[in-house]
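Please examine the sequence and the structure shown below. The report that follows begins with the ligand and then turns to the chain.

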Amino acid sequence: MEKRKIGNSGLTVAPLAFGGNVFGWTIDQATSFTLLDAFTEAGFNLIDTADVYSNWVPGNQGGESETIIGNWLKQSGKRDKVVIATKVGGEMSPGKKGLSKAHIRQSVEESLQRLQTDYIDLYQSHYDDPATPLEETLETYGELIKEGKIRAIGASNYSAERLAEALQVSKQNNLPRYDSLQPEYNLYSRANFEKELEPLCRENNIGIINYFSLASGFLTGKYRSEADLAKSKRGQGNKKYLNDRGFRILSVLDKLAKQYATDQARIAIAWLIARPSITAPIASATRPDQLQSLIQAANVPLDREAIDLLDKASAE
Ligand SMILES: NC(=O)c1ccc[n+]([C@@H]2O[C@H](COP(=O)([O-])OP(=O)(O)OC[C@H]3O[C@@H](n4cnc5c(N)ncnc54)[C@H](OP(=O)(O)O)[C@@H]3O)[C@@H](O)[C@H]2O)c1
């Protein structure tokens, strides 16, 4: 399996990450274990989660995804075979959020406990926190690295301006720097990443682990009408893609799926894996057959013509 470096962090990962927001949301612990076993047995190692997953589900409080991953790490004995990426800063309960020293220090202990491990490989700022000085956040991460509680840090949902500022602060103060960025990026949502963030990350050798690689399932081709939105608990979130541009992208995915004798999900992920700036797209699955399709994407090298067709159909 090809392994890629995440920025200058020293972490190396296979070119697809499993997205853990489904654990405790659209799938239970038993199914989560089955999928994590299959994912790692196929040679993949990067698992992405966040402290807040999945607190939007009625009855949940946040921490459910990390708890399931922690139980799986204990049961499988695979802690040293995987790269665990989690996040801090999202709102766990009213007011309990952000990137202050106090909140990070408390949150890291809670995440470590739920994950049943003594270190987090990649600790990510879930959202920018303009109310906390970047120095305070980066100094706190520096302490956690020295204490061995985290190995590297990443940013998610940062603007290019703020990411550049954070890199500057790290350099000027001899503090750890963000070695990865987790932006939304897929065939449907392109411009926001490609315009400023992508060149900034390439210039600074920052690894990209992008989320919503399948646009929440839309790029699999299963949502083509409002009636289709009932196909999943999360189907309603796909309504925004049902428009001319969305259908234009699907029609090229349909064509290429036929040409490569595969399915649309594989083509959508293969397009991301082929992009030079991308380290590992993050996608999730709720069934073993879906997962097979995603992990096979690493074996679908798209030719230039296919990439050009997708680029053209999805241009914003
Ligand atoms: N940093 C952030 O702010 C942020 C935000 C969002 C997500 N993320 C990360 O990105 C990860 C991925 O996001 P996501 O799961 O929301 O989006 P996604 O990867 O775009 O969509 C995955 C969903 O599509 C469906 N699917 C997958 N493979 C399929 C196939 N072959 N055929 C048909 N349907 C298929 C499944 O849902 P159904 O079976 O339910 O249809 C699956 O859960 C998250 O788990 C999380 O780690 C980060």
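## The ligand and its pocket

In this predicted model, the ligand occupies the space of the largest pocket. Two elements each give two or more residues to the shell around the ligand: strand 10 (282-283) and helix 9 (288-296). Helix 9 supplies the largest share of this shell, namely three residues.

The ligand is surrounded by 31 residues. Those closest to the ligand are D48, K222, R234, S284 and T286. Sorted by class, the shell consists of 16 polar, 11 nonpolar and four charged residues.

## Polar atoms facing the ligand

Several side chains place a nitrogen or oxygen atom within 3.5 Å of such an atom in the ligand. For N157, a polar side-chain atom lies 2.9 Å from an oxygen atom of the ligand. The side chain of Q182 has an N or O atom 3.1 Å from a nitrogen atom of the ligand. For the side chain of Y53, the distance between an N or O atom and a ligand nitrogen atom is 3.4 Å.

How much of the ligand does the protein bury? Taken alone, the ligand exposes 910 Å², and the protein buries 93% of that area.

## Two points in the backbone

Most peptide bonds are trans, and most residues other than glycine have a negative phi. Two places in this chain may be read against that background.

Y53, whose side chain has a polar atom 3.4 Å from a ligand nitrogen atom, is joined to S54 by a cis peptide bond with an omega of about -5°. S54 belongs to the loop between strand 4 (46-48) and helix 2 (64-76).

The second place is Q116, which is not a glycine but has a positive phi of about 55°. Q116 is located in the loop that runs between helix 3 (101-115) and strand 6 (120-125).

## The annotated domain

An unreviewed UniProt entry places the feature "domain: NADP-dependent oxidoreductase" at residues 15-313. Over residues 15-313, the chain is 42% helix and 11% strand. The C-alpha atoms at the two ends of this stretch are 24 Å apart.

Note on methods: Residues numbered from 1 in each chain as written. Predicted model: local features only at pLDDT ≥ 70, side-chain atom pairs only at ≥ 80, totals over all residues. Heavy atoms only, no water. UniProt positions renumbered as here; feature names shortened; annotations may be inferred. Helix = DSSP H or I, 4+ residues; strand = E, 2+ residues; numbered from the N terminus. Near = heavy atom within 4 Å. Polar contact = N/O pair within 3.5 Å; in protein donor to acceptor, adjacent residues only side chain to side chain. Areas by Shrake-Rupley, 256 points an atom, 1.4 Å probe, with all protein chains shown as cover. 1 Å grid on protein atoms, 1.4 Å probe; cavity = no way out; pocket = protein on both sides within 12 Å on 5 of 7 lines; lining within 4 Å. Sits in = over half its atoms within 2 Å of the grid points. Nonpolar A, V, L, I, M, F, W, Y, C, P; charged D, E, K, R; others polar.
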